[in-house]
Amino acid sequence: MATCLRLRSRLAPHLRRAPSSRICRPRADCPVAPIRGYARGPAGLSSALLRTDGFVGGLWVSAAATFPVHDPASGAELGLVADCGVPEARAAVRAAYEAFCSWRGFSAKERSSLLRKWYDLMIQNKDDLAKIITAESGKPLKEAQGEILYSANFLEWFSEEARRVYGDIISTPTKERRALVLKQPLGVAAVITPWNFPSAMITRKVGAALAAGCTVVVKPAEDTPFSALALAELANQAGIPPGVYNVIPCSQKKAKEVGEALCTDPLVSKISFTGSTATGKVLLHHAANSVKRVSMELGGHAPFIVFDSANVDQAVAGAMASKFRNSGQTCVCSNRFLVQSGIHDSFVKKFAEAIKTNLHVGNGFEERTTQGPLINAKAVEKVEKHVHDAISKGATVVTGGKRHHVGKNFFEPTLLSNVTRDMLCSQEETFGPVAPVIKFNTEEEAVAIANAADVGLAGYFYSQDPAQIWRVAERLEVGMVGVNEGLISSVECPFGGVKQSGLGREGSKYGIDEYLELKYVCFGGL
């Protein structure tokens, strides 16, 4: 704490309030730039939640430059957001460190109460928050509404877990000593989040961090900063103290230098990142020099295995849920469908029928839409490349296979058969609405194909054979397994992978441990 007090006095000149003209508070005389309407959607988003500046030390602060955020469905510009750089990142870290000096002293009950208020405000504003997600990510509104509930539930869960951080008393071999184990917050956590779940990926990390007594600096994805800033507005309304939750949006151009600044700042004790394996390795390298604690939720390449004993209708339903949620843009989406020869043809036929019948491509604000756009042109190009590669090597397009006429960022839900292991879609995470089916003959063959990847986040399989269920569940080299189930995420359960899919776990009772350190105290002379 003495260190905190010294730092506070030393940093005071650098933590000045921004000039009043650069601060945007929620007042009638400080309007937010209007959002363009949608032809078949809402006329606009909530001006009370739509923020365009960074949030540092409890203040809305601008930057020297801005960057545009676009609607991936129409390409329309949604607004200009503060393009924070290294100076803003360092200021946010210092504001978070100063806040940590007091936040760590809040009782667990006090932190719990504030997290619960934040949760309550998310529920009260759930419809407006969902519209923001749909506007900036293209996610269908029903899915966005589901994400907001999922996101809010992490705040509720960790508000309860805050009061369950227990230490230990250990018996010692000598009568005059007592041994204690304390759990204490790590400090400032730098949180770097992706665009595909722009709200839930924040609360899953931040809820645990704040419950433990840590403070955070959030760098949201450049495609979806509005959700992170809306959460900042609600955190402020909930009474989360200044500096405990900070947000520094930045453009793709500045993302590398801001990420490096966060990972190398000596006042940052923890890095939590969700994104690609390649970026995760870069951040790990930066964090290694100061030996920071890290949590990494990285890429996946999930197998979805259907054995001959499976209920085909259940397997198809699970495949639809697992593959096409958010147009295939989730880290736990099934990426390889391994179907046993005896059931292969029946599964492919029913899967194709379900895709044609149940999936509807369109703007996320349209009620009928189940498949929105991909996030940007680069994402569409990758999907198209995987499909063309598969076709060139002998795959058959059962349905879909090309860009959708709705717009440049849309791609048809696609089913491929006669897929082989040498195709790109079998080797890389597609992150799009493509379902490649590989036929196999034996259980050993399926498990070998599934485990051949250098990543291991999630895996799924369908079987009615109890002995096989135990064998395969234990042998799959992944952090999470869905058995006869295509949707596995839950706030109560640990989320994370093995191999190059990352380090650590999020959510569940284990998630808060990622933000705590153990301290052994030997009490002698008794």
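**Reading a buried asparagine and a three-stranded sheet**

Biologist: In which strand does Asn-335 lie?

Modeller: In this predicted model, Asn-335 belongs to strand β13, which covers residues 334-340.

Biologist: How should its accessibility be read: is Asn-335 buried or exposed?

Modeller: A residue is called buried when its relative accessible area is under 20%. Asn-335 has a value of 2%, and is therefore buried.

Biologist: With which side chain does the side chain of Asn-335 make a polar contact?

Modeller: The partner is the side chain of His-301, at 2.9 Å. The Asn-335 side chain also reaches a backbone atom, the oxygen of Glu-428, at 2.7 Å.

Biologist: Which residues are in contact with Asn-335, leaving aside its neighbours within four places in sequence?

Modeller: His-301 and Glu-428 appear again, together with Ala-302, Lys-323, Cys-425, Glu-429, Thr-430, Phe-431 and Pro-436.

Biologist: Let us turn to a sheet. In what order do the three strands of the open sheet stand?

Modeller: The order is β5-β6-β22, with antiparallel pairing. At the edges are β5 (168-170) and β22 (516-523), each of which pairs on one side only. From one strand to the next, the twist averages 25 degrees.

Biologist: How many bridges join β5 to β6?

Modeller: Pairing requires at least two bridges between two strands. Three bridges link β5 with β6 (residues 178-185), and these strands run antiparallel.

Biologist: Which residue in β6 does Ile-170 stand opposite?

Modeller: Ile-170 faces Ala-179 there.

Methods. Residues numbered from 1 in each chain as written. Predicted model: local features only at pLDDT ≥ 70, side-chain atom pairs only at ≥ 80, totals over all residues. Heavy atoms only, no water. Helix = DSSP H or I, 4+ residues; strand = E, 2+ residues; numbered from the N terminus. Buried < 20%, exposed > 50% of the residue type's maximum accessible area, 1.4 Å probe, protein only. Polar contact = N/O pair within 3.5 Å; in protein donor to acceptor, adjacent residues only side chain to side chain. Contact = heavy atoms within 4.5 Å. Axes fitted to C-alpha atoms, helices over the stretch in contact; angles between N-to-C directions.
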